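Here's a quick briefing to read alongside the coordinates. Have a look at the model first, then work through the notes below by topic.

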Amino acid sequence: MTAFPSGEQLAPVLAAAPAADGEFVEITDADVDQVVELWRACGLTRPWNDPHLDIADARAGDTSTVLVARADGRVTASAMAGYDGHRGWLYYVAVAPGLRSTGLGRAAVVAAEAWLVARGARKIQLMVRTTNTDVLGFYGRLGYTDQECTVLGRWVESD
Ligand SMILES: CC(C)(COP(=O)(O)OP(=O)(O)OC[C@H]1O[C@@H](n2cnc3c(N)ncnc32)[C@H](O)[C@@H]1OP(=O)(O)O)[C@@H](O)C(=O)NCCC(=O)NCCS
């Protein structure tokens, strides 16, 4: 009987293998500008959020990341994921406009969920801007429901 290689044996092989088209993997330096371009094309950027800084912050620790899919070397979809020690959060779920309705959005969320669950998250949440009600049907298809919460926030940056 053929013995399957252990996860330990496979890990270096998998790390060295290039990601297959459509597979979600952690962002690399080479992806960053394309990801920002994708977010702009998807209408997800806002003047008060610096997308390069958001990516750098997400990559700075072990509990957050940006996952990307590529096709022919171009970034086609993304999801930012972060575990805060209580909940897992999704941000910047985006699919290139020409590639929507092909399952990439679902795949992005599923990949980010798996990443968060592997870090201890038992519940996953996300915020949808009140101006983006179109997307509620998408999240509904993926099992996300209104949590009947109001999100409050304030900037605490000091210079
Ligand atoms: C939202 C978004 C990521 C969806 O990506 P997508 O690749 O088109 O989604 P999928 O093809 O994986 O769709 C998954 C399911 O959701 C459904 N769906 C997708 N968009 C939908 C919408 N706007 N309304 C209702 N259902 C939708 C699909 O029909 C599919 O249903 P199925 O389970 O019957 O197959 C994409 O439209 C996008 O990038 N939008 C702009 C960025 C954005 O608003 N992101 C969310 C920020 S909170």
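## Fold at a glance

Going along the sequence, the protein runs α-β-α-α-β-β-β-α-β-α. That makes five helices and five strands. Keep in mind that this is a predicted model, with a pLDDT averaging 90 over the protein and 88% of the residues scoring at least 70. The stretch to be wary of is residues 1–16, where the pLDDT is below 50 and the model shows one contact beyond near neighbours in sequence.

**Overall packing**

- The protein has 159 residues, and 25% of them count as buried.
- Take the contacts between residues at least 6 apart in sequence: 56% of these join residues at least 24 apart.

**Strand pairing around E2**

- Strand E2 (64–71) has partners in both E1 and E3, so let's take them in turn: E1 (residues 25–26) pairs with E2 in the antiparallel sense over two bridges, and E2 pairs with E3, also antiparallel, over eight bridges.
- For a handle on the register, Glu 26 has Leu 67 of E2 as its bridge partner, while Val 68 is bridged to Ser 78 in E3.
- The E2–E3 hairpin has two residues between its strands, and Asp 72 there takes a positive phi near 50 degrees.
- How much of E2 is buried? Seven of its eight residues are, so E2 is largely enclosed by the rest of the structure.

**The nonpolar core**

- As a rule, nonpolar side chains in soluble globular proteins tend to be buried together.
- Here the largest nonpolar core has 30 residues, and those with the most contacts inside it are Leu 67, Val 68, Ala 79, Ala 81, Leu 90, Ala 108 and Ala 112.
- Helices H2 (32–41), H3 (51–60) and H4 (104–118) each put at least two residues into this core, and so do strands E2, E3 (74–83) and E4 (88–95).
- What does Ala 79 touch, leaving aside residues up to four places away in sequence? Its contacts are Leu 67, Leu 90, Tyr 92, Val 93, Ala 108, Val 109, Ala 111 and Ala 112.

**Around the ligand**

- The ligand is surrounded by 20 residues, the closest being Arg 100, Gly 105, Arg 106, Gly 137 and Phe 138.
- E4, H4 and helix H5 (136–141) each contribute at least two residues to this shell.
- By type, the shell breaks down into 10 nonpolar, six polar and four charged residues.
- H4 and E4 turn up twice in this briefing: each supplies at least two residues of the core, and each does likewise for the ligand shell.

**Two backbone oddities to check**

- Most residues other than glycine have a negative phi, which is the backdrop for the next two entries.
- Tyr 92 has a positive phi near 50 degrees without being a glycine, and this residue sits in strand E4.
- Is Tyr 92 buried or exposed? Tyr 92 is buried, because 24 other C-beta atoms lie within 10 Å and the cut-off for buried is 20 or more.
- Tyr 92 is also among the residues that Ala 79 touches.
- Glu 148 isn't a glycine either, yet its phi is positive at about 50 degrees; Glu 148 lies in the segment after H5.
- Glu 148 is exposed, since it has 5 other C-beta atoms within 10 Å and exposed means 12 or fewer.

Note on methods
Residues numbered from 1 in each chain as written. Predicted model: local features only at pLDDT ≥ 70, side-chain atom pairs only at ≥ 80, totals over all residues. Core = buried A, V, L, I, M, F, W, Y, C linked by C-beta atoms within 7 Å. Helix = DSSP H or I, 4+ residues; strand = E, 2+ residues; numbered from the N terminus. Contact = placed C-beta atoms within 7 Å. Near = placed C-beta within 6 Å. Nonpolar A, V, L, I, M, F, W, Y, C, P; charged D, E, K, R; others polar. Pairing = 2+ DSSP bridges. pLDDT = per-residue confidence, 0-100.
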